[in-house]
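Q: I would like a close look at a single part of this protein, set in the context of the elements around it. Please take your time and connect the details.

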Amino acid sequence: MKSLRKVITLDEFIFQNEKDFPFATGELSGLLRDIGFAAKIVNREVNKAGLVDILGTTGINNTTGDEVKKLDMFANEQFISALQVSGECCGMASEENDDFVPITTEDSRNAKYVVTLDPLDGSSNIDVNVAIGTIFSIYRRQSFFGPCRLEDFLQRGSRQVAAGYIIYGSSTMMVYTTGNGVNGFTLDPSIGEFCLSHPNIKSPEKGKIYSVNQGNFLKFEQPVKEYITYCQSEDKLSNRPYSLRYIGSLVGDIHRNLMYGGIFMYPATRSAMQGKLRLLYECFPMAFIVEQSGGKAIDGTRRILDIDPIELHQRSPVFMGSNDMVDKVEEYMKSTMKVTQPTVAAVTA
Ligand code: P6P
């Protein structure tokens with residue numbers, strides 16, 4: 001008789017791994033479960049977006065300047081209400097809200113955690129059925145009690161307690177880390193549960209995929225252009241030319257590279273010196289996941305997770321993915337720094 005492999009649901013996995021944290025009191029577990037629940041609600045709407053009047057835009061622009069799609073708004077509301085009823089979160093910072101949102105209900109006001117969130121990233125792809133996603137990050141609050149404060153959100157990426165994303169694609173998956181590796185759960189619609197499908201995800205050290213908006217090539221700094229040209233050059237020994245894969249949806253591009261290996265880049269350009277992606281709720285969570293899967297994430301010269309944020313919606317250039325590929329682009333970035341940094345002799349001459 002075929003052995004029935006036990007299906008492990010997200011809730012069971014969270015509970016089982018709670019023992020990894022000697023002082024776990026179940027609050028983080030509860031918060032992860034609540035995020036998973038909100039993801040199921042958003043998934044239901046994303047799946048039928050084409051059928052009901054939820055496509056199209058609200059005519060409002062968010063802090064990023066992106067036009068807010070109705071599904072963006074819906075997703076933001078779902079996660080805010082899930083976090084409000086959770087009782088484990090005292091506030092959240094979302095791409096869709098200019099300022100952070102304190103949660104001041106009786107149960108939540110003194111809760112231990114804050115959440116940063118991109119409720120529906122890549123939403124410009126909603127109308128054309130390309131994978132989109134939710135990205136989240138969880139921190140312990142820095143303030144001791146009462147309503148959360150800005151300092152609770154402006155923490156360097158290495159202080160994240162957990163980070164994850166939900167990808168609404170050919171199937172819906174939740175992928176997250178609490179600092180003990182990365183695990184992926186696929187939503188089984190027949191039972192309405194996320195089930196462990198990708199335990200202990202390890203990103204290949206080497207990859208043959210590079211993801212970048214090639215349309216910006218002429219606006220990139222010279223070392224970035226040189227690295228992209230390196231990716232495009234013929235060299236059988238190092239499996240080049242690499243393939244360019246870019247769907248304009250961060251969660252989709254990162255998820256593919258996590259599975260197959262590859263590098264994702266959103267570099268600075270002359271018109272956007274800090275790149276486009278947001279540090280708190282795009283770069284930090286993705287960098288935590290990429291590092292926990294064995295990869296690397298830099299802003300060109302610094303580890304993303306070592307950056308100290310100074311404002312909620314600040315941006316950062318980002319190069320993340322397979323270790324060897326990020327090392328290579330870092331080589332190009334640093335070699336230019338050597339050339340452009342005046343030597344002491346030159347300065348004192
Ligand atoms: P561009 C989507 O709007 C997003 O924030 C990310 O999901 C994606 O990686 C990036 O922007 C795409 O930006 O400028 O290449 O269209």
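Which residue of E15 stands opposite Ile298, and how is the surrounding sheet put together?

A: The residue opposite Ile298 is Phe319 of E15; this and what follows describe a predicted model. The pairing belongs to E14 and E15, two antiparallel strands that are joined by three bridges.

These two strands lie at one end of an open sheet of five, whose order is E12-E11-E13-E15-E14 and whose pairing is mixed. Strand E12 (243-244) and strand E14 (296-298) are the edge strands, and because each has a single partner strand, one side of each is left without a neighbour in the sheet. E15 is also paired with E13, again in an antiparallel arrangement, here with four bridges, and within that pairing Tyr266 stands opposite Val318 of E15. Further along the order, strand E13 (residues 263-266) runs parallel to strand E11 (residues 209-211), with two bridges between them; there Tyr210 has Ile263 in E13 as its bridge partner.

The covering of E15 adds to this picture, since the strand is covered on both faces: Val318 and Met320 are buried on one side, and Phe319 and Gly321 are buried on the other. Phe319, the residue opposite Ile298, therefore counts as buried, which here means a relative accessible area under 20%.

The five-stranded sheet also carries a helix. H6 packs on the sheet through contacts with E14 and strand E15 (318-321), and the direction of H6 makes about 30° with that of E15. Helix H6 (residues 279-292) is itself mostly covered, with twelve of its 14 residues buried. The buried residues of H6 include Leu279, Leu280, Tyr281 and Glu282, as well as Phe284, Phe288 and Val290. Just beyond the end of this helix, Gly294 adopts a positive phi of about 100°.

H6 has a helical partner as well. Helix H5 (residues 250-260) packs with H6 at an angle of about 10°, the two axes being 12 Å apart. That angle is why H5 is described as roughly parallel to H6. On the H5 side the contact is made by Leu250, Val251, Ile254 and Leu258, and on the H6 side by Glu282, Met286, Ile289 and Val290. Sorted by character, the residues of this contact comprise seven nonpolar, no polar and one charged. Several of these contact positions follow the helical repeat: an α-helix has 3.6 residues a turn, so residues three or four places apart point the same way.

H5 also leads to the other sheet. That second open sheet has eight strands in the order E4-E3-E5-E6-E7-E8-E9-E10, and its pairing too is mixed. Its edges are formed by strand E4 (101-102) and strand E10 (193-198), each with a single partner strand, so that one side of each has no neighbour in the sheet. Helix H1 (residues 10-17) packs on this sheet, touching strand E8 (172-177), strand E9 (182-188) and E10, and its direction makes about 10° with that of E8. H5 packs on the sheet too, where it touches strand E5 (113-121), strand E6 (132-140), strand E7 (160-168), E8 and E10, and its direction makes about 100° with that of E7. H5 is thus in contact both with strands of the eight-stranded sheet and with H6, the helix that packs on E14 and E15.

Within the eight-stranded sheet, E6 is mostly covered, eight of its nine residues being buried. E6 runs antiparallel to E5, to which it is joined by seven bridges, and Val115 stands opposite Ile138 in E6. E6 is likewise antiparallel to E7, with eight bridges between them, and here Thr134 stands opposite Ile166 in E7. Toward the E4 edge, strand E3 (residues 89-94) and E4 run antiparallel and are joined by two bridges, with Gly91 standing opposite Pro102 in E4.

As for the protein as a whole, the model contains eight helices and 15 strands, and 53% of its 349 residues count as buried. Of the contacts between residues at least 6 apart in sequence, 64% join residues at least 24 apart.

Conventions
Residues numbered from 1 in each chain as written. Predicted model: local features only at pLDDT ≥ 70, side-chain atom pairs only at ≥ 80, totals over all residues. Heavy atoms only, no water. Buried < 20%, exposed > 50% of the residue type's maximum accessible area, 1.4 Å probe, protein only. Axes fitted to C-alpha atoms, helices over the stretch in contact; angles between N-to-C directions. Parallel < 35°, antiparallel > 145°, perpendicular 65-115°, else oblique. Contact = heavy atoms within 4.5 Å. Nonpolar A, V, L, I, M, F, W, Y, C, P; charged D, E, K, R; others polar. Pairing = 2+ DSSP bridges.
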